[in-house]
Number of protein chains: 2
Amino acid sequence: MSEPTISELKEQIRKYELQLEQEKLKNMKQREKITKMSAEVVDSNPYSRLMALKRMGIVENYENIRNFTVAVVGVGGVGSVTAEMLTRCGIGKLILFDYDKVELANMNRLFYQPHQAGLSKVEAAKLTLQHINPDVEIEAYNYNITTVDNFDHFMNVLSTRSLSNGPIELTLCCVDNFEARMAVNRACNELNLNWFESGVSENAVSGHIQFIKPGETSCFECAPPLIVASNIDEKTLKRDGVCAASLPTTMGIVAGFLVQNALKYLLNFGQVTKYLGYNALLDYFPTMSLKPNETCSDPFCVKRQQEFKLREEQRLREQVDVVEEEKVEEVLHPDNEFQIELCDEGEDLPDLTKNDKNKNTGVKHAFPASVENQANEHDASNEANEMSSIPLEDLMSKLKNL
Amino acid sequence: MSEPTISELKEQIRKYELQLEQEKLKNMKQREKITKMSAEVVDSNPYSRLMALKRMGIVENYENIRNFTVAVVGVGGVGSVTAEMLTRCGIGKLILFDYDKVELANMNRLFYQPHQAGLSKVEAAKLTLQHINPDVEIEAYNYNITTVDNFDHFMNVLSTRSLSNGPIELTLCCVDNFEARMAVNRACNELNLNWFESGVSENAVSGHIQFIKPGETSCFECAPPLIVASNIDEKTLKRDGVCAASLPTTMGIVAGFLVQNALKYLLNFGQVTKYLGYNALLDYFPTMSLKPNETCSDPFCVKRQQEFKLREEQRLREQVDVVEEEKVEEVLHPDNEFQIELCDEGEDLPDLTKNDKNKNTGVKHAFPASVENQANEHDASNEANEMSSIPLEDLMSKLKNL
């Protein structure tokens, strides 16, 4: 009989540690599953403050959140908080991907606790999240999505593991390296799935989120965000004696922006921001919108662009019809029938009427003109405005020269 | 012998529940206290990513954070996350105030977990925070600061409970009602202590933070933020069958803004924003700066204004001297010796040189002109710009007419 290998022994230890964590959580008071979200205002209802979004006129059908499956790729500083926010919001199903372990060095960010050091991140996260909200279905995959075999499995999960065994509704990319971002980008281009990219700079004081709709907005391969295109080799971050800075504030804010925009997209309220930056030193929030690159090196991106063009031509024709219809409707209904009312801070707000009117009649603006306008309407900076009108080729060559 | 009263029995139950929670946490692996913050990059160092802020050129002396005492008033949706972020950043001492209990209805926001339902918020928070970072000293006060006796005690804590038994360095107000905000305002005006006010709207999709320096910026009684000055009686929020909406995203983002600006203030980096708003529907971030009201009804505010005017006259005289000196220095040193370098997103950033030059020579701009300029320099909206130039009296009468 041969001796067990070190990796076999480590695997055994890992299993015991997980069982121990499971036992500890079992000894804590568990809340029972709730079959139907209720708006009843009692202290024992974990959904009362979320269902109140309906009464406040913000979300039409909050309970729809139970139908959606969201993947969170990378459950580190941004991804773990992202997963916790979605769990507390009562998302239908969460799928977690990571292959890292919890370390004490992660304790300067929210979510993980010191006693979890040594556990796999996805498994530790799954246990904590299920304890917080047992109504959420959680799947965890403890592997690196960039290897050939795992990438195929990853693609398969994204395209078949929704609550109705179809493609999932949204992927949130919260990884810290270029390769994993490229893997998510290629999978979503090929599967034609919408996703959000996110990132935090290695000096910890800036970050961004970016919404990518294959064929409609610039994909990650068309134009990687400036943050990633800096001239620093990301692989150097894990060298001995060198580490990037991070702050719970910046990572929590980026996770907040990510989930807030994911909720707006899934539950159809407000306006989803295509690119939102955060500069912590100045509290400066650049927004922009980039068109896809017609010569993108990902053939699936180019294919999606062609499909999008055809859809747009169709939509433009329909839009003309609906605008005709709208002229009649305006006489019949009050102008702001479903207008979102903000009872406070009213003085600060730009006019919402235009967007709401569109919402009422179901008209969506045609890309690219209107999406650019929406994104830049309340833009903080002339520079960002300028940015979005620079041709992509110029921007790329600018990046390469950095 | 008389029967125990219901409140005595409840008090006994509360004690047992806390002991139970304490026992549970004891059974979890505890991390040992760390006497000195180290920048060593090993997985077991919980401060490596924070101390890296020094190497990245963001913070000059991160370890100074251990000298500061911060009070968090209200440890609900915003306050609990605020306290957790400060704890993970390794703040010297935290003082928590609240008199509420954890309920399942709070589970739609970060921090508390279902098994803590029934515990007092400050005591549950203290246990969790000490488990997360045993290096932070934590004091918890389970009372309502607005009653006469408690207010006196509150004032006494703020003025004597710092690590050196003097006034604490900063107070973060995270309460959900007008009365408690007024109590913090009066205490800080009388004690001449700087503080941040914060708030989230009852429809859950907007929020703000505001930095208040008695005598220098508008206090809460000079001009309550618009959010609070809406025509809705806040007391109605707790009526049976009625509750305000809330989201973990908005509250996490506001907590992030609050702690980020608190860190900038305490550790002297970046630019502290005087007022930062957040509109989630549009990802719109108004900033503004309001001067104090000379006829403020709080006599201590008026007193601080007079003191500030005298200090400003003195500072202006000194500034002239330093500017003379600067002319010589500029020849001796490179212009951007301590300039904060952002290796990425450089394209998005406004010119930092002006502010950094001031930082190098220790010159601070004279209020009000420069503070207004700084706050509005990267302002998202013309409306907000307009706002800050409206005389306070007009604004107040506008609010009253709402």
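**Entry 1: the end of α7**

I began at N268(A), which sits just after α7(A) and takes a positive phi of about 60°. A reminder to myself before going on: this is a predicted model.

Next I looked at α7 of chain A itself, residues 248–267. How far apart should its ends be, at 1.5 Å a residue? For 20 residues I expected a span of 28 Å, and the end C-alpha atoms lie 27 Å apart, which agrees.

I also wanted to know how many residues of α7(A) are buried. The count came to 19 of the 20, so the rest of the structure largely encloses this helix.

**Entry 2: chain A as a whole**

I stepped back to take in chain A, and found twelve helices and seven strands. Of its 402 residues, 57% are buried. I then checked the contacts in chain A between residues at least 6 apart in sequence, and 66% of them join residues at least 24 apart.

**Entry 3: cysteines**

I searched the whole structure for disulfides and found zero over all chains. I looked at C174(A), which is in no disulfide; its nearest cysteine sulfur belongs to C173(A), 6.7 Å away. C174(A) is also buried, at a relative accessible area of 9%.

Then I turned to chain B. Why is there no bond between C174(B) and C173(B)? The closest cysteine sulfur to that of C174(B) is the one in C173(B), and at 6.7 Å it is too far for a bond, since a disulfide needs the two sulfur atoms within 2.5 Å. C174(B) has 8% relative accessibility, so I noted it as buried, the cut-off being under 20%.

**Entry 4: cavities**

My last search was for enclosed space. I found eleven cavities of 30 Å³ or more, and the largest has a volume of about 360 Å³. Its lining takes in 25 residues, and those closest to the centre are F111(A), Q113(A), T128(A), Q113(B) and T128(B).

Which helices supply at least two residues each to this lining? I listed α1 (6–26), α3 (79–88) and α4 (121–132) of chain A, together with α1 (6–26), α3 (79–88) and α4 (121–132) of chain B. The one that gives the most is α3(A), with three residues.

I finished by sorting the lining of the largest cavity by character: eleven residues are nonpolar, eight polar and six charged.

Terms used: Residues are numbered from 1 along each chain as its sequence is written. Chains are lettered from A and ligands numbered from 1 in the order in which they are written. This is a predicted model: local features need pLDDT of at least 70, side-chain atom pairs count only at pLDDT 80 or more; totals for chains, interfaces and linings use all residues. Side-chain values use heavy atoms; hydrogens and water are left out. On a 1 Å grid over the protein atoms alone, a cavity is a set of points where a 1.4 Å probe fits but cannot get out, and a pocket is an open set with protein on both sides within 12 Å along at least five of seven lines; lining residues have an atom within 4 Å of a point. Grid points are joined across faces, edges and corners, and a volume is the space filled by probe spheres set on the points. Helices (H or I, at least four residues) and strands (E, at least two) are DSSP runs, numbered from the N terminus. Ala, Val, Leu, Ile, Met, Phe, Trp, Tyr, Cys and Pro count as nonpolar, Asp, Glu, Lys and Arg as charged, and the others, Gly among them, as polar. Buried means under 20% relative accessible area, exposed over 50%, partly exposed in between (1.4 Å probe, protein chains only). The expected span of a helix is 1.5 Å times one less than its number of residues. Contact means heavy atoms within 4.5 Å.
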